[in-house]
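Biologist: Before we discuss this model, could you put the structure up, so that we can go through its empty spaces and then its helix packing?

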Amino acid sequence: MGLNTVMTLHNGVEIPSVGLGVYKVEEGNDVYQAVKSALEIGYRHIDTASFYQNEEGVGKAIKDSGIPREEIFVTTKVWNDEQGFAEALEAFNRSLTKLGTDYIDLYLIHWPVPGKYKDTWRALEKIYDEGKAKAIGVSNFLPHHLDDLMRDAQIKPMVNQIELHPKLSQVETREFCSQHHIAVEAWSPIGKGRYLDHPMLQELAEKHQKSSAQVILRWHYQNGVIIIPKSVKANRQQENAQIFDFELTEKDIEQMNELDEDFRLGAHPDHFNY
């Protein structure tokens, strides 16, 4: 148990259940130190994207850690203005160069850009077939996007990374993914800390002698969701990892499910400014 806990994707690749997200962590020393401390704590899953503009710092921290590359699961993503078949292949190579690696563990389409994501997916299939990405997937896709994509796809996405937290529990998308054996990964898993002081969460935290954030992360874990909480502080990274020594009851989970109110912190995939 602990940070070596993994989930198996439908192609047999293992992905650590808890990772570190680095959205809005500045390139250079900030991201370098965040990744360095996470790896020292025991994290083996780092999630970045070309849009975050910090792949170089991530790659450097991984290299300097002395941990063998194959022991660290690295995710990056192709951004909206890099989509299309040839463009996505070029974007992938740029990410490889910046990260200083010759393969990516998981490569994702960042958003479902209308009219572009199918061509982008063909590029990801080529990358996967060539062994340059161990797994491929999507991010911010709703069931109708996935349905449309899979109509022409040769390979089914292994992962769908979506905004997911108790106030946006995305039941329909999670059920669709479950039916199709697509793993669900949560970005903003603790809702950017916006409602950690909710009385019910505080009550559960007290009951389990944990923090509200740990209770939320445990809720995800028991729902079979992969989580990538973002934190640059080592003590917070440590706290986010300590979710394997307690268990929420069915009643706890039901209570938390009632928080759902379709509350998005990010854009809605159908109304994103593409």
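Biologist: What volume does the largest cavity have?
Modeller: This is a predicted model, and the values that follow are computed from its atoms. The count comes to 1 cavity of 30 Å³ or more. The volume of the largest cavity is about 50 Å³.

Biologist: How do the residues that line the largest cavity divide into nonpolar, polar and charged?
Modeller: The lining is made by Trp-111, Asn-140, Phe-141, Leu-142, Ile-162, Glu-163, Gln-170, Trp-187, Arg-264, Ala-267 and Pro-269. Glu and Arg count as charged, while Asn and Gln fall among the polar residues. For the lining of the largest cavity, the division is therefore 7 nonpolar, 2 polar and 2 charged.

Biologist: Which helix gives the most residues to the lining of the largest pocket?
Modeller: The largest pocket holds about 740 Å³ of space, and its lining consists of 35 residues, with Tyr-23, Trp-187, Ser-188, Lys-192 and Lys-230 lying nearest the centre. By class, that lining has 16 nonpolar, 11 polar and 8 charged residues. The most, 3 residues, comes from the helix spanning residues 234–241, namely α9.

Biologist: Which element provides the largest share of the lining of the second largest pocket?
Modeller: The second largest pocket has a volume of about 270 Å³, and 16 residues line it, with Arg-174, Ser-178, Ile-182, Val-184 and Gly-224 nearest its centre. Two or more residues are given to this lining by each of β1 (6–8), α6 (171–179) and β9 (183–187). Its residues divide into 8 nonpolar, 6 polar and 2 charged. The largest share, 5 residues, is that of α6.

Biologist: Are helices α8 and α10 roughly parallel or roughly perpendicular?
Modeller: The axes of α8 (residues 212–222) and α10 (residues 250–257) come within 11 Å and cross at roughly 105°. Angles of 65 to 115 degrees count as roughly perpendicular, so α8 is, with respect to α10, roughly perpendicular.

Biologist: How many nonpolar residues does the contact of α8 with α10 have?
Modeller: From α8 the contact draws on Val-215, Ile-216, Trp-219 and Gln-222, and from α10 on Ile-253, Met-256 and Asn-257. The contact has no charged residues and 2 polar ones. The number of nonpolar residues in the contact is 5.

Biologist: Over the domain that UniProt lists, how far apart are the end C-alpha atoms?
Modeller: An unreviewed UniProt entry lists residues 29–260 as "domain: NADP-dependent oxidoreductase". Over residues 29–260 the chain is 46% helix and 15% strand. The distance between the end C-alpha atoms of that stretch is 37 Å.

How values were computed. Residues are numbered from 1 along each chain as its sequence is written. This is a predicted model: local features need pLDDT of at least 70, side-chain atom pairs count only at pLDDT 80 or more; totals for chains, interfaces and linings use all residues. Side-chain values use heavy atoms; hydrogens and water are left out. Axes are lines fitted to C-alpha atoms, for helices over the stretch in contact, and angles run from 0 to 180 degrees between N-to-C directions. Helices (H or I, at least four residues) and strands (E, at least two) are DSSP runs, numbered from the N terminus. Angles under 35 degrees count as roughly parallel, over 145 as roughly antiparallel, 65 to 115 as roughly perpendicular and the rest as oblique. Contact means heavy atoms within 4.5 Å. On a 1 Å grid over the protein atoms alone, a cavity is a set of points where a 1.4 Å probe fits but cannot get out, and a pocket is an open set with protein on both sides within 12 Å along at least five of seven lines; lining residues have an atom within 4 Å of a point. Grid points are joined across faces, edges and corners, and a volume is the space filled by probe spheres set on the points. UniProt positions are given in the numbering used here, feature names are shortened, and annotations may be inferred rather than shown by experiment.
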